[in-house]
Amino acid sequence: MSIEEQMRHRLQQTAADMKCPDDLYERVWASSGKHIPQRLSRKEAARRGRIYRKPVVALIVAAALFLIVVASGFVSPVMAKSLKSIPLVNGIFKLAGDLGLKTAAEKGLTEEVHYSDSHDGITVNVKEVMYDGIRAVVAIQREAPGTGSYFHGNYRGADGTIVVEPEGTKAVLRNVKLYANGEALNQTLDDPANPSPERGAVTWVDGGNADSVLINFMELSKPGQELPKLPESFGLTLELTLSGVEEVYTIEVPVKKNTNNVVVSPEISNEYEGIQLTLVKAELSPISTKITLAAKATDHESAKDAGPGAGGELSKIQYELFDEQGQMPGQLSSQGEYRQKVPVLYQDLIYEPFASTPRQFTIRPYLYVFKDGKASGEFKLDEHGMPLKNYIKELEMTVQVP
């Protein structure tokens, strides 16, 4: 069902619940649709094309209906439930392509907040925060009147290709620094003395529309030299740099963990052809799944090619995760730290949550198969056009969940 069809159904159902006129949706649609083309220049309209018009219309219709309801001074329980299902009202996390964040929003595990900073006529608002002890995610929204750029910095064009906003485009998010209770969580490229993350990695992804972004922070485990873990509640400071804006945006937000996690530390190890794979720790929350692995070269020949400088053989191993029902959560990120003296590669793999806490789960390592036999070459594809995988059964491990 298209976005327009979904919105049409929800609004018509809402109108019925409120005993509103049956044609309420059509009236709002017709009224709001009149104003959309005039707001886009020909250049912008050509660039955005089909991918932008319908979502904008749908969101304006939702906003118009919301204003009608608020003005009436009455919201019934049925109406409240209907409003919550509309993305504009429910929040940015519901629009994300991240199952864990959608689950968090549906289960009330996110915190709606209202913090902002403004410079040069452009405002950045922090709208929602989520922290489950594995990752902290902040939803931010930009208000930049007259700016046609995508806040995230790129977008998917009408033909499906990724279009990157050119350098110099105004009001695009270019840099993020985070602090917990005043302590730096990440180092960034504009800090030459500390080019690598210290406490973890920061990434940002499209928040579902041109003006929203989701900022993700994930701590590195650093086995054997652990830094103090983030507390269950702390003050998070964001320093955001936008292109074309001289001042740095500074926003402070309180963050609090609101999940009960399952932690497993079995220290399971398997060895095969000079590689020893150890599960250091696994942590499961209703929003995220984190797996910490140590891949170690155990003989001289393996050690020669283990590290990034020698081809990164250890880092070529990929991992799938599935429960006893065969359900596989999608992988969200991977970050690692290579220690050359050992040599060992520590990796933190972040996945979407399991549908429910499993009795056990399995980690299945594999290598991609390439046409020329080298990782720098072209993937071999199966009959469905997907890259072939060579599973390493000897390194596979099944973990019992208490």
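User: How much of the protein is buried?
Analyst: Buried residues account for 45% of the 402 residues in the protein. Please note that this is a predicted model.

User: And how many helices and strands does the protein have?
Analyst: There are seven helices and 21 strands. Of the contacts with a separation of 6 or more, 58% involve residues 24 or more positions apart.

User: Let us take one residue. Where is Ser 288?
Analyst: Ser 288 sits in the loop that connects strand S14 (275-284) with strand S15 (289-297).

User: Is Ser 288 buried or exposed, and why?
Analyst: Ser 288 counts as buried because its relative accessibility is 0%, and the cut-off for buried is under 20%.

User: What does the Ser 288 side chain make a polar contact with?
Analyst: The partner is the side chain of Arg 135, at 2.7 Å.

User: Which other residues is Ser 288 in contact with?
Analyst: Leaving aside neighbours within four places in sequence, the contacts of Ser 288 include Asp 132, Ile 134 and Glu 283. Ile 350, Tyr 351 and Pro 353 are also among them.

User: Changing topic: how many cavities of 30 Å³ or more are there?
Analyst: The structure holds two such cavities. The volume of the largest cavity is about 50 Å³.

User: Which residues line the largest cavity?
Analyst: The lining is formed by Leu 220, Ser 221, Lys 222, Pro 223, Thr 292, Gln 335, Gly 336, Glu 337, Tyr 346, Gln 347 and Asp 348. Strand S17 (331-339) and strand S18 (344-351) are the elements that give two or more residues to this lining.

User: How do those residues divide by character?
Analyst: The lining of the largest cavity has three nonpolar, five polar and three charged residues.

User: What about the second largest pocket, what is its volume?
Analyst: The second largest pocket encloses about 480 Å³ of space. Its lining comprises 20 residues, and those nearest the centre are Ile 275, Glu 313, Ile 317, Leu 367 and Ile 392.

User: Which strands supply at least two residues of that pocket's lining?
Analyst: Strand S19 (360-368) and strand S20 (389-391) each do so. By character, the lining of the second largest pocket divides into twelve nonpolar, three polar and five charged residues.

User: On to the open sheet of four strands. What is the strand order?
Analyst: The order is S7-S6-S10-S11, and the pairing is antiparallel. Strand S7 (183-184) and strand S11 (249-256) are the edge strands, each paired on one side only.

User: How many bridges join S6 to S10?
Analyst: Seven bridges join strand S6 (residues 173-180) to strand S10 (residues 233-242), and the two run antiparallel. Lys 177 stands opposite Glu 239 in S10.

User: Now helix H6. Which of its residues are buried?
Analyst: In helix H6 (residues 99-106), the buried residues are Gly 100, Leu 101, Thr 103, Ala 104 and Ala 105.

User: What caps the N-terminal end of H6?
Analyst: Asp 98 does, with a side-chain oxygen 2.8 Å from the backbone nitrogen of Gly 100. Just after H6, Gly 108 adopts a positive phi of about 70°.

User: One last residue: where does Gly 148 lie?
Analyst: Gly 148 belongs to the loop between strand S3 (135-143) and strand S4 (154-156). With a relative accessible area of 14%, Gly 148 is buried. The C-alpha atoms of Gly 148 and Asp 211 are separated by 9.4 Å, although the two residues are 63 residues apart along the chain.

Notes: Residues are numbered from 1 along each chain as its sequence is written. This is a predicted model: local features need pLDDT of at least 70, side-chain atom pairs count only at pLDDT 80 or more; totals for chains, interfaces and linings use all residues. Side-chain values use heavy atoms; hydrogens and water are left out. Buried means under 20% relative accessible area, exposed over 50%, partly exposed in between (1.4 Å probe, protein chains only). A polar contact is a pair of N or O atoms within 3.5 Å; within protein, one must be able to donate a hydrogen and the other to accept it, and residues adjacent in sequence count only if both atoms are side-chain atoms. Contact means heavy atoms within 4.5 Å. On a 1 Å grid over the protein atoms alone, a cavity is a set of points where a 1.4 Å probe fits but cannot get out, and a pocket is an open set with protein on both sides within 12 Å along at least five of seven lines; lining residues have an atom within 4 Å of a point. Grid points are joined across faces, edges and corners, and a volume is the space filled by probe spheres set on the points. Ala, Val, Leu, Ile, Met, Phe, Trp, Tyr, Cys and Pro count as nonpolar, Asp, Glu, Lys and Arg as charged, and the others, Gly among them, as polar. Two strands pair if DSSP finds at least two bridges between them.
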